[in-house]
Amino acid sequence: MSGAVPSARSLIADARRRFEAAGLGDPATDARVLVCGLLDIRPTALLLEGDRPVAPDTVAQVEDAITRRIRHEPVHRILGRREFYGLDLALSAGTLEPRPDTEILVDVILPQLLDMVTKGLKPHIVDLGTGTGAIALALLHECPQADALGIDISEDALRTATGNAERNGLGSRFATRLGPWFDQTPERFDIIVSNPPYIRSDVVTGLEPEVANFDPMAALDGGPDGLEAYRCIAAEARDHLEDHGLVGLEIGFDQRDDVVQIFEGAGFSLLEERRDYGGNDRVLVFAPRLD
Ligand code: GLN
């Protein structure tokens, strides 16, 4: 960087040039989101605040962040937080970065949840492999009558999810439990949600470096055929679900038929399905077959 005192605008321009040179996919957005995030200014405020001088220690922080991004660390990992369904969520080493496609699972489950409330229920939700708590917390935020349990095998994730619940004013309705799936969990729920690991083991290390090197493997690797988590959930879901309950799942783009088969074999019927923004199968909702 040359001459004049750096401003948000000059830092963004510098970051953008260096991201372009490094061949990153979306240098302009990355530069804007990263620098605005570190300087704590909204991108829409750049017009007013973009030329103010930036303090030297903040410039050093931006420099460090640019280097990390060039090494493929995702922008929101560097910032340590991201927005999901209108909530501000912290990320940590043990949490998958919530994806926009996962908001579709919230969209699909929410009307069902609100319908339970109109029937006089106070729905009890469990989020298996909760990570940042994204799915459960978004549902709680939209449905004040519900409470949720977030289960994860990562203590780091549970700490992060608890902090996220508190930061978003949802702490009194969100609890966490350590454990694989339902192992430590005797109770029944009205809603089971999960975005489990679903990438095939032989594919997982070949994912783009932003995912393979920075999202936790335990949140991605779904075993030899990518379906292990669904088998575990299906095997126990019936014993942990009320008769009027529902299971909402995120799935991999090519897993629809296999996951339907697994859940039909475990006593469920497919109630609803939804594609993601790329047109891929992404969300399935199952109800228990009451026969
Ligand atoms: N959707 C994630 C990805 O982009 C995978 C998440 C998962 O396995 N649940 O790789």
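Ala, Val, Leu, Ile, Met, Phe, Trp, Tyr, Cys and Pro count here as nonpolar, Asp, Glu, Lys and Arg as charged, and the others, Gly among them, as polar. The structure is a predicted model, in which local features need pLDDT of at least 70 and side-chain atom pairs count only at pLDDT 80 or more, while totals for chains, interfaces and linings use all residues. Residues are numbered from 1 along each chain as its sequence is written.

**View 1. Residues around the ligand.** The shell around the ligand consists of eight nonpolar residues, one polar and one charged. Its members are Leu96, Arg99, Asn195, Pro196, Pro197, Tyr198, Ile199, Leu207, Val211 and Leu220; a residue is included if its C-beta atom, placed from the backbone, lies within 6 Å of the molecule.

**View 2. Tyrosine 198 and its contacts.** Tyrosine 198 belongs to the loop between β6 (189–194) and α9 (201–204). Helices (H or I, at least four residues) and strands (E, at least two) are DSSP runs, numbered from the N terminus. Tyrosine 198 counts as buried because it has 24 C-beta neighbours inside 10 Å; the cut-offs are 20 or more other C-beta atoms within 10 Å for buried, 12 or fewer for exposed, and partly exposed in between, with C-beta atoms placed from the backbone. Beyond its neighbours within four places in sequence, tyrosine 198 is in contact with Gly222, Gly226, Ala229, Ile251, Gly252 and Gln255 (contact: C-beta atoms, placed from the backbone, within 7 Å). From tyrosine 198 to glutamine 255 the C-alpha to C-alpha distance is 8.7 Å, at a sequence separation of 57 residues.

**View 3. The β1–β2 hairpin.** Strands β1 (residues 81–84) and β2 are antiparallel and pair over four bridges (pairing requires at least two DSSP bridges between the strands). Phenylalanine 84 has leucine 87 in β2 as its bridge partner. Two residues separate the strands of this hairpin, and tyrosine 85 in the turn has a positive phi of about 50 degrees. Side chains alternate along β2 (residues 87–90): Leu87 and Leu89 point to one face and are buried, whereas Asp88 and Ala90 point to the other and are not.

**View 4. Aspartate 88 in strand β2.** Aspartate 88 lies in strand β2 and counts as exposed, because it has 11 C-beta neighbours inside 10 Å. Leaving aside neighbours within four places in sequence, its contacts are Arg81, Glu83, Arg167 and Asn168. Arginine 167 is 79 residues away from aspartate 88 in sequence, with 8.0 Å between the C-alpha atoms.

**View 5. The largest nonpolar core and helix α7.** A nonpolar core is a set of buried Ala, Val, Leu, Ile, Met, Phe, Trp, Tyr and Cys residues joined through C-beta atoms within 7 Å. The largest has 59 residues, of which Ile125, Ala136, Leu137, Leu139, Leu140, Ile192 and Val247 touch the most other members. Helix α7 (residues 134–142) supplies the largest share of this core, seven residues. Apart from this core lies another, of 16 residues, including Leu39, Ala65, Ile66 and Ile78. In α7, seven of nine residues are buried: Ala134, Ile135, Ala136, Leu137, Ala138, Leu139 and Leu140. Outside its neighbours within four places in sequence, valine 247 is in contact with Ile192, Ala237, Leu241, Phe268, Val285 and Phe286.

**View 6. Two annotated spans.** UniProt (unreviewed entry) places "domain: Release factor glutamine methyltransferase N-terminal" at residues 11–80 and "domain: Methyltransferase small" at residues 113–200. These positions are given in the numbering used here, feature names are shortened, and annotations may be inferred rather than shown by experiment. Residues 11–80 are 69% helix and 0% strand, with end C-alpha atoms 20 Å apart. Residues 113–200 are 32% helix and 25% strand, with end C-alpha atoms 31 Å apart.

Definitions and conventions:
Two residues are in contact if their C-beta atoms, placed from the backbone, lie within 7 Å.
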